[in-house]
Amino acid sequence: MKATSENKKSYLKKMLETRSTMAVCILLKYVVYYYLIEWSKFSCVYVIISTLITYGLYYSISKSKIKHKRLLFGIMYIGFSIFMFADVMYFNYYNQTVSIKQFWQIGNVAKVPESFVATLIPLSIFIISDIPLVLHQFGNSVKEYVDKKTQVKNKKKTGRIVVAIMLVIIIASNPMESASIAKFTGEEFFVNHTNDIIENTVGKMSEDDLSEEEVLKLISENKSQTSFSGNYSGIAAGRNVIMVQIEAMQKCMIGKDYNGITLTPNINALIQNDTLYFDHFYSNVGKGNTADAEFTVFNSLYPSSERECYTLYEKNNFRGLPWLLKNSGYSTMAFHGYEGSFWNRQNAYPYQGIDNYYSMEKLNQDDIIGLGISDKSVFSQAVNIMKQSKGPFFSFVVTLTNHHPYVMDESMWEIPILDEDKDSKFASYLQTVHYTDEAIGQFINELKENGLYDNSIIIFYGDHHGLNKDMDDNDIYMSRFLGKKYDYDEMSKVPLIIHIPGSGVHETISKIGGQIDVLPTLANLMNIQLDERYVLGQDILNEEKGFVAFTAYMPEGSFITDGAMYELSRQKIYDTGRAWNPDTGESLLVEDYKAYYDKALNLKKASIQLLDHNYIPALK
Ligand code: GP9
Ligand code: MN
């Protein structure tokens with residue numbers, strides 16, 4: 001008996017150690033990879049190519065005369081596997097594979113582990129679980145005796161593999177700029193990453209730098225000019241500015257009921273009086289999410305696709321809202337219930353014109369929900385500090401409780417969840433949205449009680465989506481909730497609410513606008529003089545045609561304008577993108593919108609050039 005079970009064990013061991021088992025393992029690894037990223041009609045071809053490349057490397061290294069073969073192959077194989085795993089995670093979040101530009105994000109992932117774990121796809125573990133088997137198998141293969149004859153044969157094979165690798169590099173660099181190669185470079189694992197490395201090293205070096213004059217020309221040729229005066233001019237001049245950036249608040253939550261309960265009763269009430277409400281307003285953040293929302297709102301500049309502008313351009317000169325107000329005698333402050341170092345805020349804020357930053361460490365940590373101090377507590381503490389201001393002030397509050405993965409004790413849940421939505425991220429999101437709305441109601445009351453309400457302009461806007469359409473089956477729950485397909489138009493739409501107590505204004509503005517437009521819109525309302533040359537957005541209240549370019553979640557070149565939204569394809573070929581009417585979902589002909597695509601790329605390029613060269617002069 002004993003002998004049979006040992007026989008079985010050794011048979012299994014032998015089976016596992018065969019080269020064909022390993023080849024199947026590698027093949028399956030790529031099937032899982034392409035399946036988790038996006039299975040397309042070419043995926044089978046990609047699986048075969050990726051497997052052949054991996055197997056080729058395995059074969060050529062194991063048979064080569066290199067000294068530390070095991071170490072070399074081990075590093076390579078573990079490296080590929082980690083990259084594949086990162087791709088899957090990143091794609092799940094950003095709808096893009098990871099670039100070498102994004103290595104810095106590992107640090108942020110480690111800082112917010114709850115979000116990382118909530119983003120993890122169980123099947124993705126398969127991508128890294130074969131590593132011990134393959135490396136063990138490689139070790140065995142190295143041990144094998146290779147006689148002179150086979151060495152000669154192997155030399156030839158190694159030569160062929162070197163040629164194959166060269167071919168990958170040539171294809172990846174796509175010297176003829178062929179559209180079909182571009183499709184391939186965007187999707188096959190090795191070609192895609194080789195292409196990314198080439199683009200971000202050699203490509204970066206050969207990129208043309210623009211002079212200050214050229215950048216300003218590019219801006220004036222591409223942006224729509226606004227006079228910063230006209231409708232509603234000056235109606236909020238001289239008031240305190242209280243600006244609240246609401247974490248992950250989507251527009252579609254506003255004014256909606258769920259299972260008989262109104263989700264945002266306090267925001268709904270605010271919109272009814274003394275308010276300009278923008279219901280076609282979009283988030284245009286880059287890879288710095290929350291921080292980029294702040295950055296673009298303050299400065300009317302487009303963020304970078306690389307990382308948060310607060311780090312890339314920490315010490316640049318700026319002429320944004322906090323600076324402009326500071327220059328006219330306002331005191332400036334910011335409040336946020338999370339670590340001061342996150343998104344480099346504590347270092348960047350002074351250069352943005354914010355003098356006092358009350359981060360988590362400087363506030364009373366009396367009520368923690370999820371990541372940090374609860375919105376209700378931060379609002380109350382902010383009111384107590386604001387009321388000590390001697391003159392006019394700019395106060396910026398960044399909320400946090402409605403942050404992914406929407407963790408809040410169930411005893412605080414107030415929205416009864418339908419059976420069909422139970423145990424979903426969507427269900428948790430509704431609870432924290434409702435909580436934040438309640439906190440906003442409390443905030444308005446506290447402003448009134450402390451005499452800070454009447455003489456202020458109070459602005460609320462969402463920083464970015466809460467429910468990514470490609471994660472957690474959000475598209476299913478959200479499509480049912482909305483009664484239409486959940487697409488980027490709803491995902492990136494956030495509310496903008498400008499509340500001016502006692503002004504008598506009451507309008508819902510449905511023109512297209514985005515975070516890029518907040519500075520010029522407020523400048524008109526408050527009679528603030530702007531230097532138009534460095535402002536990339538427009539005053540939504542007086543614009544002729546709305547336009548917002550996107551940076552993250554959809555590839556750069558994607559945009560929205562009145563009546564049309566365009567998403568550039570992953571392969572970055574204009575014609576293979578899609579255009580649709582954001583209100584009706586009806587498909588539109590992409591060829592009708594090429595000029596807007598050029599405009600999006602030009603404005604984004606101009607913004608990055610302005611920032612890279614620090615061309616904006618300091619305010620005097
Ligand atoms: C952290 C908070 C969240 O300070 O602003 O940032 P996010 O993860 O949403 O970009
Ligand atoms: Mn955020």
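## A ligand and a manganese ion sharing residues

Glutamate 247 puts a polar side-chain atom 3.1 Å from an oxygen atom of ligand 1, a polar contact being a pair of N or O atoms within 3.5 Å. This is a predicted model, where local features need pLDDT of at least 70, side-chain atom pairs count only at pLDDT 80 or more, and totals for chains, interfaces and linings use all residues. Residues are numbered from 1 along each chain as written, ligands are numbered from 1 in the order written, and side-chain values use heavy atoms, without hydrogens or water.

Threonine 290 also reaches ligand 1, with a side-chain N or O atom 2.5 Å from one of its oxygen atoms. Tryptophan 343 adds a polar side-chain atom at 3.2 Å from a ligand oxygen. On its own, ligand 1 has 310 Å² of accessible area (Shrake-Rupley, 1.4 Å probe), and the protein covers 93% of that. Its surroundings (a heavy atom within 4 Å) include His336, Tyr338, Arg345 and His403.

Now look at the manganese ion, ligand 2. Glu247 turns up again here, listed twice through OE, alongside Thr290 (OG1), Asp463 (OD) and His464 (NE2), at 2.1 to 2.5 Å; donors are N, O and S atoms within 2.8 Å of the metal (3.2 Å for Na, K and Ca), and with water not among the atoms, sites may look incomplete. Why is the arrangement irregular? The six donor atoms subtend angles of 55 to 165 degrees, which makes it so.

Along the chain, the donor residues follow E-x42-T-x172-D-H. Glutamate 247 and aspartate 463 are 216 residues apart, each sitting in a loop.

Notes. A polar contact is a pair of N or O atoms within 3.5 Å; within protein, one must be able to donate a hydrogen and the other to accept it, and residues adjacent in sequence count only if both atoms are side-chain atoms. Four donors count as tetrahedral if all angles lie between 85 and 135 degrees; four count as square planar and six as octahedral if opposite donors are over 155 degrees apart and all others between 65 and 115; anything else is irregular. Helices (H or I, at least four residues) and strands (E, at least two) are DSSP runs, numbered from the N terminus.
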